[in-house]
Amino acid sequence: MPTLKVHHIGYLVKKIDAAIQAFTKLDYVTMQPTVYDEIRKVHICFMQKDGYVIELIAPASEDSVVSGLIKKCKNSPYHICYESADFDKDYQMLMDNGYASIDAPTPAPALSGRRVVFLMNASMGMIELLGP
């Protein structure tokens with residue numbers, strides 16, 4: 001079994017600036033300026049409180065990877081990101097154990113270009129796997 005560490009909880013939000021203000025009022029601190037992810041067409045901001053990290057994700061256009069989700073789910077948490085020390089091994093293990101890859105592993109601009117991939121599991125929903 002992999003040794004996966006929770007990295008963050010992903011929150012889907014309609015308006016990133018309004019979400020940042022709301023989380024700031026709960027004493028979350030912005031970890032870096034908001035980043036535009038051209039691959040996924042989203043705006044991303046990481047915030048932290050008490051050792052917990054959240055990722056705010058807002059669609060930047062109608063053809064964003066999260067545009068359909070925001071219409072269905074509204075503002076809500078929607079994935080847990082797990083950090084892996086051995087991305088390829090853990091990715092294959094997850095695939096071998098019933099996870100379906102939603103996309104191909106790609107660099108994440110908001111995470112210094114580290115590789116990420118999103119996977120679905122029928123029993124638990126969406127996760128993100130983050131490489132070293």
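This tour moves from the whole protein chain to its cores and then to four individual residues.

**The whole chain**

Begin with the entire protein chain in cartoon view, bearing in mind that the model is predicted. The secondary structure amounts to three helices and 10 strands. Followed from the N terminus, the elements come in the order β-α-β-β-β-β-α-β-α-β-β-β-β. Along the principal axes, the C-alpha atoms occupy a box of roughly 40 × 35 × 25 Å. The radius of gyration is 14 Å, which agrees with the value near 14 Å for a compact globule of 132 residues. Among contacts with a separation of 6 or more, 53% join residues 24 or more positions apart.

**The surface**

Next, display the molecular surface. The protein chain exposes about 7500 Å², and carbon and sulfur atoms contribute 56% of that area. Buried residues account for 43% of the 132 residues. Colouring by charge brings out 13 positive and 15 negative side chains, and the centres of these two sets are 7 Å apart.

**The nonpolar cores**

Hide the surface and select I44, F46, I57, V66, Y78 and L111 as sticks. These are the residues with the most contacts inside the largest nonpolar core, which has 18 residues. At least two residues of this core come from each of β4 (42–49), β5 (52–59), β6 (76–84), β9 (114–121) and β10 (125–130). Strand β4 supplies the largest share, three residues. Now add Y28, C45, I54 and L56 in another colour; these four are included in a second, separate core of 11 residues.

**Y78 in strand β6**

Which residues does Y78 touch, apart from those up to four places away in sequence? Centre the view on Y78, which lies in strand β6, and select G10, Y11, L12, I57, V66, L69 and M126, the residues that Y78 touches beyond that range. Y78 has a relative accessible area of 17% and is therefore buried, the cut-off being under 20%. For a distance across the fold, pick the C-alpha atoms of Y78 and V6: the two residues are 72 residues apart along the chain, and these atoms are separated by 14 Å.

**V13 after strand β1**

Move to V13, located in the loop between β1 (4–12) and α1. Is V13 buried or exposed? This loop residue is buried, with a relative accessible area of 5%. Not counting residues up to four places away in sequence, V13 touches A19, L56, I57, A58, P59, I70 and N75. Then pick V13 and C73, which are 60 residues apart in sequence but 9.4 Å apart from C-alpha to C-alpha.

**Two loop residues with positive phi**

Finish with two aspartates. Select D27 in the loop between α1 (16–24) and β2 (29–30). D27 is not a glycine, yet its phi is positive, at about 75°. With a relative accessible area of 57%, D27 is exposed.

Proceed to D50, found in the loop between β4 and β5. What is the phi of D50? The angle is near 55°, again a positive value in a residue other than glycine. D50 is exposed as well, with a relative accessible area of 66%.

Technical notes: Residues are numbered from 1 along each chain as its sequence is written. This is a predicted model: local features need pLDDT of at least 70, side-chain atom pairs count only at pLDDT 80 or more; totals for chains, interfaces and linings use all residues. Side-chain values use heavy atoms; hydrogens and water are left out. Helices (H or I, at least four residues) and strands (E, at least two) are DSSP runs, numbered from the N terminus. The radius of gyration is taken over C-alpha atoms; the globule rule is 2.2 Å times the number of residues to the power 0.38. Buried means under 20% relative accessible area, exposed over 50%, partly exposed in between (1.4 Å probe, protein chains only). Contact means heavy atoms within 4.5 Å. Accessible areas come from the Shrake-Rupley method with a 1.4 Å probe; for residues, only the protein chains shown count as cover. Lys and Arg count as positive and Asp and Glu as negative; His and the chain ends are not counted. The place of a charge is taken as NZ of Lys, CZ of Arg, CG of Asp or CD of Glu. A nonpolar core is a set of buried Ala, Val, Leu, Ile, Met, Phe, Trp, Tyr and Cys residues joined through side-chain atoms within 4.5 Å.
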